[in-house]
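Let's take a walk through this structure together. Keep the 3D view open as you read.

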Amino acid sequence: MKASSRAIVLAAVTVLSWSTVATAFKIALASMGVREMISVSVFSAFVVHAVWMTLSRSWGELSRLSAKMWLKFALLGLIAPVSYYFVLFEAYDHLPAQIAQPINYTWPIILSVLIAVIDRRPVSVSGYAAMAVSLAGVALISLGGGVDGGISLAGIALAFASALLWALYWIVNDSLKSSVSETTSLFLTFFFGTIYLAAMSLLRPLGPIASDGLLAGCYIGIFEMGLPFICFGIALRTTDNPALVNQLCYLAPFLSLFFVALFVGETIMPSTYIGLILIVGGIICNRYLTARNRLQHT
């Protein structure tokens with residue numbers, strides 16, 4: 001298989017994986033608590049990344065890391081997977097999947113604002129307009145989702161907080177890319193995440209975990225936190241059209257609604273479809289404007 005074709009296949013695996021996890025979140029939460037769910041899924045992801053470290057022969061890189069780098073990854077593991085997934089799973093516990101997932105998907109907008117603040121580079125008027133389109137989509141989804149009897153403001157706040165945490169994770173992780181491979185970076189974040197969660201379980205033992213919850217948690221670890229990150233990274237490294245690979249990922253939230261309706265039984269509101277189109281449209285426009293501005297300043 002040609003490298004470009006293999007990249008598209010890997011991107012498709014990534015999209016299909018991420019499009020099913022919102023459904024898995026709701027199934028897992030129906031049979032166990034958030035702490036149990038994150039513990040099972042993070043450990044499962046840690047095993048996946050440990051296996052990939054072996055297959056890619058990356059273990060030797062660990063011995064070359066400085067003490068400062070180990071501390072940075074200890075911080076990164078606290079941001080994600082621990083804090084990020086705790087907040088994200090709580091958001092799904094408070095909200096229908098069709099609301100929690102699109103709001104969480106606004107993280108690129110939050111990332112743009114954070115980068116603008118850090119780099120002290122003002123956001124253009126057109127950039128703010130693109131963000132406003134995405135936020136209008138969030139508002140539409142939130143209001144439309146409350147038709148059936150109210151909406152959890154705490155859940156909405158948690159979903160936005162998860163987007164903020166993922167944007168912070170992206171910034172910290174991006175600053176380490178020149179010093180360590182993506183394979184090792186992912187392994188170390190889940191290594192520290194597993195340690196933190198194990199320590200928490202010693203202080204406060206986990207509750208009972210039903211067999212279907214255990215399977216759902218393992219599925220989340222493999223197909224949300226493990227396999228898609230590996231496939232997406234390989235796809236970006238091997239493709240001659242990285243823009244196409246990135247754009248394919250925008251299919252995931254739309255496919256996710258199909259799986260949520262099919263397996264969770266949620267009736268997807270028309271406002272959710274329209275709002276999600278606005279969110280994704282605003283993100284794409286914002287990325288295009290950001291890329292164009294960078295070209296103009298080089």
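A residue is called exposed when its relative accessible area is over 50%, buried when that area is under 20%, and partly exposed in between. One thing to keep in mind as we go: this is a predicted model.

With that cut-off in hand, take a look at Arg 57, which sits in the loop between α2 and α3. Its relative accessibility is 78%, so Arg 57 counts as exposed. The backbone is worth a glance here too, since Arg 57 has a positive phi of about 55° despite not being a glycine.

Stay in that loop, which runs between α2 (34-55) and α3 (67-94), and you'll come to Glu 61. Is Glu 61 buried or exposed? Glu 61 is buried, and it has no salt bridge. Side chains of opposite charge can pair when their charged atoms come close. For Glu 61, the nearest side chain of opposite charge belongs to Arg 64, and that is 5.2 Å away. A salt bridge needs a side-chain nitrogen of Lys or Arg within 4 Å of a carboxyl oxygen of Asp or Glu, so a pair at 5.2 Å doesn't make the cut. What Glu 61 does have is a polar contact of 2.6 Å, side chain to side chain, with Thr 184. Setting aside residues up to four places away in sequence, Glu 61 touches Ser 179, Val 180, Ser 181 and Thr 184.

So where are the salt bridges? The structure holds two of them. In one, Lys 177 pairs with Asp 174, with the closest N and O atoms 3.7 Å apart. Lys 177 is exposed, because its relative accessible area is 51%, while Asp 174, at 35%, is partly exposed. In the other, Arg 237 pairs with Glu 182, and there the closest N and O atoms are 3.4 Å apart. This pair ties together distant parts of the chain: Arg 237 belongs to helix α9 (residues 211-238) and Glu 182 to helix α8 (residues 182-203), 55 residues apart. Arg 237 is exposed, with a relative accessible area of 53%, and Glu 182 counts as partly exposed at 36%.

Now for helix α3. Pro 81 is found in this helix, and the peptide bond leading from Ala 80 to Pro 81 is cis, with omega near 20°. Val 82 is in helix α3 as well. At 3% relative accessibility, Val 82 counts as buried. Which residues does Val 82 contact, leaving aside neighbours within four places in sequence? They are Ile 38, Gly 77, Gly 193, Tyr 196, Leu 197 and Met 200. Val 82 and Phe 187, for their part, are 105 residues apart in sequence and 14 Å apart in space, C-alpha to C-alpha.

For a contrast, move on to Ile 118 in helix α5 (residues 107-119). Its relative accessibility is 53%, so Ile 118 counts as exposed. From Ile 118 to Trp 107, 11 residues apart along the chain, the C-alpha atoms are separated by 16 Å.

Last stop: helix α1. Its 27 residues (3-29) should span 39 Å at 1.5 Å a residue, and the end C-alpha atoms are indeed 39 Å apart, so the two agree. Look along α1 and you'll also find a kink of about 30°, centred on Val 21.

Note on methods:
Residues are numbered from 1 along each chain as its sequence is written. This is a predicted model: local features need pLDDT of at least 70, side-chain atom pairs count only at pLDDT 80 or more; totals for chains, interfaces and linings use all residues. Side-chain values use heavy atoms; hydrogens and water are left out. Helices (H or I, at least four residues) and strands (E, at least two) are DSSP runs, numbered from the N terminus. Buried means under 20% relative accessible area, exposed over 50%, partly exposed in between (1.4 Å probe, protein chains only). Lys and Arg count as positive and Asp and Glu as negative; His and the chain ends are not counted. A polar contact is a pair of N or O atoms within 3.5 Å; within protein, one must be able to donate a hydrogen and the other to accept it, and residues adjacent in sequence count only if both atoms are side-chain atoms. Contact means heavy atoms within 4.5 Å. The expected span of a helix is 1.5 Å times one less than its number of residues. The bend at a residue is the angle between axes fitted to the seven residues ending there and the seven starting there.
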